[in-house]
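This report describes the fold, the ligand shell and some backbone features of one chain. The sequence and the model are displayed first.

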Amino acid sequence: MSTTPNTARSTVADFSEQWTKYYDNSGYFGSEDLLADVLKPLLTLEDLRGGAVAEIGCGNGRFLKTMGRYAQRVYGLEPGDGVDNARRWNADVDNVEVMRADVYALPALPPLDHVFSIGVVHHLPDPLLALQNMRKLLKPGGRCTIWVYGKEGNELYLATFGTLRRLTTRLPHPALHGLSTALVPALRGYIAACQVAPLPMRKYMREVLHPLDNFALRLNIYDQLNPTIAEYWTHDEVQKLMTRAGFSDVRLHHRHGYSWTATGIAP
Ligand SMILES: C[S@@+](CC[C@H](N)C(=O)[O-])C[C@H]1O[C@@H](n2cnc3c(N)ncnc32)[C@H](O)[C@@H]1O
């Protein structure tokens, strides 16, 4: 019997729409530098060396090839239509396998050394069950690493865009694409202003958004305004979630002052 929560289907549908429109992983958006930045200082790509790893909710598979340069075997699991782009993007590497799979109905995989989930768990209807399922994929002593939105550092953002999301999550996708396109110049202007002035979210604007091209910037806006579920968690909430899911030695890093990278070990 499936344990997939009902609302999981709408999250998958939201992202299917997103990944079929935003298919390009080139540039900084899909780069080794960005993946290393998401993981540091808790993990380096060298830690993947020779291991078997999976990324749960891999979207367009932007990071799988990089993982495959270090790990022996990489599984990219994605329940939505992004899976087709992920397959195409990684077709030229033979140690990366992309599968259409949901965290609530995972396929049998060989026991893994690492499980990653980047920007996924905060969109899920049952994050605890998802993390427990990821834990079961790991060998004893294997490591789960996630990246999620933080509450700390996003207070102003949540007061503005958080409110706007009440409307945008109900918009038809073509209207949302139009709105995202229209907001790119405004965001580019704000990023430029952050280079010279101590404005809110300056660190995030300078270190995360500034290196992105306009296509990736539009995707970022869309990605914020589109999904029905988007939770922003405190340090303690993430720590508790990982611990309740059965991980030990849980460590967190407040990435660029607005999000959490968290890692823990399976028993
Ligand atoms: C913000 S995207 C992140 C994609 C990718 N990890 C990246 O960093 O580019 C969230 C992804 O989670 C996937 N997702 C949503 N529900 C899921 C579920 N129940 N199981 C696995 N993945 C899911 C979505 O389809 C989407 O591709």
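The text below proceeds from the overall chain to the sheet, the ligand shell and individual residues.

The model is predicted: local features require pLDDT of at least 70, side-chain atom pairs count only at pLDDT 80 or more, and totals for chains, interfaces and linings use all residues. Residues are numbered from 1 along each chain as its sequence is written.

**Overall chain**

The secondary structure of the chain amounts to ten helices and seven strands; these are DSSP runs numbered from the N terminus, helices being H or I with at least four residues and strands E with at least two. The C-alpha trace spans about 45 × 35 × 35 Å along its principal axes. A compact globule of 267 residues would have a radius of gyration near 18 Å, and the chain has 18 Å, so the two agree. The radius is taken over C-alpha atoms, and the globule rule is 2.2 Å times the number of residues to the power 0.38. Of the 267 residues, 41% count as buried. A residue is buried if 20 or more other C-beta atoms, placed from the backbone, lie within 10 Å of its own, exposed if 12 or fewer do, and partly exposed in between.

**Sheet**

The seven strands form an open sheet of mixed pairing, in the order β3-β2-β1-β4-β5-β7-β6; two strands pair if DSSP finds at least two bridges between them. At the edges lie β3 (96-99) and β6 (248-255), each of which pairs on one side only. Neighbouring strands of this sheet are turned by 15 degrees against each other on average, direction ignored, with axes as lines fitted to C-alpha atoms and angles running from 0 to 180 degrees between N-to-C directions. Strand β6 runs antiparallel to β7 (residues 259-265), to which six bridges join it. Histidine 254 stands opposite tryptophan 260 in β7.

**Ligand shell and helix α9**

There are 22 residues around the ligand, and Phe15, Gly57, Gly59, Gly80 and Val103 come nearest; a residue is near a molecule if its C-beta atom, placed from the backbone, lies within 6 Å of it. Helix α1 (residues 8-21) supplies the largest share of this shell, four residues. The shell comprises eleven nonpolar, seven polar and four charged residues. Here Ala, Val, Leu, Ile, Met, Phe, Trp, Tyr, Cys and Pro are nonpolar, Asp, Glu, Lys and Arg are charged, and the others, Gly among them, are polar.

The twelve residues of helix α9 (residues 214-225) should span 16 Å at 1.5 Å a residue, and the end C-alpha atoms are 17 Å apart, which agrees. The expected span is 1.5 Å times one less than the number of residues. The buried residues of α9 are Ala216, Leu217, Arg218, Leu219, Ile221 and Tyr222.

**Backbone features and loop residues**

Most residues other than glycine have a negative phi, and most peptide bonds are trans. A cis peptide bond, with omega of about 0 degrees, joins lysine 40 and proline 41; proline 41 belongs to the loop between α2 (32-39) and β1 (52-56). Phi is positive in methionine 201, near 65 degrees, and in histidine 256, about 50 degrees. Valine 93 and leucine 64 are 29 residues apart in sequence and 9.6 Å apart in space, C-alpha to C-alpha.

| Residue | Loop between | Other C-beta atoms within 10 Å | Class |
|---|---|---|---|
| Methionine 201 | α7 (173-196) and α8 (202-209) | 20 atoms | buried |
| Histidine 256 | β6 and β7 | 17 atoms | partly exposed |
| Valine 93 | α4 (82-89) and β3 | 14 atoms | partly exposed |
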